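Visitor: I would like a close look at a single part of this structure, namely the open sheet, together with what packs on it and what sits around it. Please take me through that part with some care.

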Amino acid sequence: MTKQSGGIAPTPTPVGMRSHYCGTLGIDEIGQTVSVCGWVAHRREHGEHLAFVDIRDHTGLVQCVIDGTHALRAEYVVRITGTVRSRPEGTRNLALETGEIEIGDCQVEILNASEPPPFVLDGHSETDEAVRLRYRYIDLRSEKMQRNLRLRATISNALRSSMVSQGFTEIETPLLWTPTPEGAREFAVPSRLQHGSFYVLPQSPQIAKQLAMVGGFDRYFQIARCLRDEDLRADRQFEFTQLDIEASFVSETDIRRFVASAVAAATWAVDGQPPDEIVEMTWAEARDRFGTDKPDLRFGMELVDLGNVVAETAFNAFRAPCVKAIRVAGGGGSGRSRLDALVDRAKSLGAKGLVWMRAVALSEGTIDLESPVAKFLSDAERLGIVQSTGALNGDLILIVADSHEIVCSVLGQLRVELGRMPVHEGARRFCWVIDFPMFEGFDDEGNLIAAHHPFTMPHPDDIERLTDDPLSVRALSYDLVLNGWELGSGSIRIHREDIQSLVFAALGISEEEVNARFGFLLGAFKYGAPPHGGFAVGLDRLVAILAGEENIREVIAFPKTQSGTDLMTGAPRPIAARHMRELGIRPSAPAKGVADPRNG
């Protein structure tokens with residue numbers, strides 16, 4: 001770690017047992033007597049009575065020359081007092097921030113011993129993630145985790161400062177909330193005092209922050225801890241953190257401007273670079289062009305509509321409601337096994353098949369297509385495909401024909417798999433996706449499913465279609481996307497009781513259930529609720545991308561595994577029968593054959 005690595009706050013002034021931090025020492029301190037505290041990172045013997053010991057703290061390493069009789073081992077906690085001096089000529093390490101100096105004439109104080117650690121913290125050795133998570137308290141000492149979590153703190157501070165500067169008030173909302181019929185699953189907390197009743201842990205402060213608007217706070221924000229009982233993956237944990245905002249008397253544009261300013265402050269805090277201009281597209285445009293509502297704009301390979309080109313085709317496979325293609329630049333050299341694998345992949349994603357074509361240059365300089373199906377296409381159709389896709393010699397064209405939904409979904413996924421760059425490569429390309437549909441379909445009982453949440457305001461031009469054509473209704477909602485990751489979502493909220501009741505009815509939520517679970521919200525709307533809207537930025541995802549990590553576990557201090565287990569503590573675990581009785585829960589027989597997850 002450097003003295004002031006990009007995005008990490010300056011090292012504070014040492015106090016207490018040390019005079020300096022390890023990574024801050026340099027030629028300016030030569031001749032000074034200093035004291036440093038930290039962990040033994042490496043020990044190298046030099047004869048019988050001399051050893052070179054690297055001491056590590058969160059700022060970096062410094063080499064100490066000590067009496068070899070000291071019984072120092074890896075991860076011992078020590079205090080070293082000595083004199084800073086230049087390293088002898090030929091022994092300097094310019095790759096290390098402190099590589100020009102060392103501490104000599106050392107007095108060693110062992111503050112605590114350590115057992116041999118289960119893995120090496122040298123930044124080069126590969127360690128199984130399960131081992132890292134089981135001994136997370138050791139893993140946190142690594143340079144990467146120190147950098148990531150300090151970077152996270154820097155980003156959080158930048159977001160908080162931005163919101164304060166924009167006139168927002170930080171308000172804490174409850175962690176114990178009332179059950180709601182939102183789409184995602186909630187963690188339930190049994191009440192000890194009222195047996196049979198439960199709190200839930202909030203998936204978001206959504207209703208609470210809307211009530212803050214009714215309460216006249218005008219602009220609210222919170223770095224909010226939220227919980228959602230959904231399957232885990234690279235960008236999702238049970239526990240997550242978000243920058244949560246809400247504002248009154250605002251438009252969609254106002255909310256997006258607030259969020260853009262906060263995100264710009266975060267990127268500036270990391271490396272002094274503002275983000276590129278945030279482009280904007282509708283949900284329908286994003287689906288048509290990229291096959292997803294989370295487009296990665298760092299590369300092209302957009303979906304191309306071939307409907308007009310093959311409108312009169314004799315090739316039966318292309319007689320479908322939707323025919324689209326993507327062009328893979330330089331992909332024409334792929335072998336048959338690779339092409340067959342792409343066909344199988346498309347089928348696994350839901351397509352009936354996948355047509356591939358190689359673009360080849362003819363002697364007269366024109367481009368034609370080679371494919372097992374080329375003979376079924378007319379010259380005009382092949383030329384139309386070349387012109388529509390912009391294919392050049394050596395390119396590969398992949399075509400799917402099916403329903404619009406399947407075509408966009410399959411080609412969108414293939415586009416990402418063939419063109420995706422790691423998060424740490426390429427530019428940061430932000431994108432606003434707006435005008436989402438209000439509903440995304442029907443559940444098994446025939447009730448509509450809200451695309452975002454049931455408090456989203458329908459587009460004013462579409463409200464009259466809520467009852468007779470609900471799937472065509474747009475919402476005043478918007479997502480922020482960065483490099484193919486959804487950073488967050490927001491919307492203008494419903495602030496009128498009559499519209500909220502219409503939406504609840506469309507979602508199949510009975511009047512009794514509405515009154516039981518949302519009576520307090522609808523009651524608040526009767527007392528002058530202002531027009532308002534908000535947004536939530538996923539802090540874990542934002543930090544992961546800005547830190548160059550592929551998985552948010554690398555920017556969370558104590559994450560869960562993909563199975564939802566905490567390998568360090570063994571959670572989740574059974575609780576005592578006595579405790580369960582106090583909560584009014586009937587203990588069940590212990591599961592047989594269930595091992596402590598910490599034991600592997």
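Guide: What follows is a description of the open sheet, then of its surroundings, in a model that is predicted.

The sheet is built of eight strands, which pair in a mixed fashion and follow the order β6-β9-β10-β22-β21-β20-β17-β11. At its edges stand β6 (169–170) and β11 (279–282), and because each of these has a single partner strand, one side of each is left without a neighbour in the sheet. Within the sheet, strand β20 (residues 477–482) and strand β21 (residues 485–492) run antiparallel and are joined by six bridges; in this pairing, Ser 477 has Ser 491 of β21 as its bridge partner.

Two helices can be described with the sheet. Helix α4 (residues 206–214) packs on the sheet by touching β9 (219–227), β10 (239–248) and β22 (532–538), and its direction makes about 20 degrees with that of β10. Helix α6 (residues 283–290) also packs on the sheet, where it touches β11 and β17 (430–434), its direction making about 95 degrees with that of β11.

The nonpolar core comes next. The largest such core has 64 residues, and Ile 155 and Ile 245 are those with the most contacts inside it. If neighbours within four places in sequence are left aside, the contacts of Ile 245 include Met 163, Phe 168, Lys 209, Tyr 220 and Phe 221, and the list goes on with Ile 255, Phe 258, Val 259, Arg 493, Gly 534 and Phe 535.

Two loops that adjoin these elements hold a backbone feature worth inspecting. As a general matter, most residues other than glycine have a negative phi. Phe 249, placed in the loop between β10 and α5 (252–271), has a positive phi near 55 degrees without being a glycine, and Phe 249 counts as exposed because its relative accessibility is 62%, where the cut-off for exposed is over 50%. Met 301, which lies in the loop between α6 and β12 (304–305), likewise is not a glycine and has a positive phi of about 55 degrees. The relative accessible area of Met 301 is 19%, so Met 301 is buried, the limit for that term being under 20%.

For a view beyond the open sheet, one may turn to strand β16 (residues 396–402), which is mostly covered, with seven of its seven residues buried. Leu 396, Leu 398, Val 400 and Asp 402 point one way from β16, while Ile 397, Ile 399 and Ala 401 point the other way. Strand β13 (residues 322–328) pairs with β16 in the antiparallel sense over seven bridges, and Ile 326 stands opposite Leu 398 of β16. Strand β14 (residues 355–361) also runs antiparallel to β16, to which four bridges join it; here Val 355 stands opposite Ile 399.

One further backbone feature is found in the loop between α12 (539–547) and α13 (577–582), where Pro 572 lies. The peptide bond from Ala 571 to Pro 572 is cis, with omega near 0 degrees, whereas in general most peptide bonds are trans.

Key. Residues numbered from 1 in each chain as written. Predicted model: local features only at pLDDT ≥ 70, side-chain atom pairs only at ≥ 80, totals over all residues. Heavy atoms only, no water. Core = buried A, V, L, I, M, F, W, Y, C linked by side-chain atoms within 4.5 Å. Buried < 20%, exposed > 50% of the residue type's maximum accessible area, 1.4 Å probe, protein only. Contact = heavy atoms within 4.5 Å. Pairing = 2+ DSSP bridges. Axes fitted to C-alpha atoms, helices over the stretch in contact; angles between N-to-C directions.
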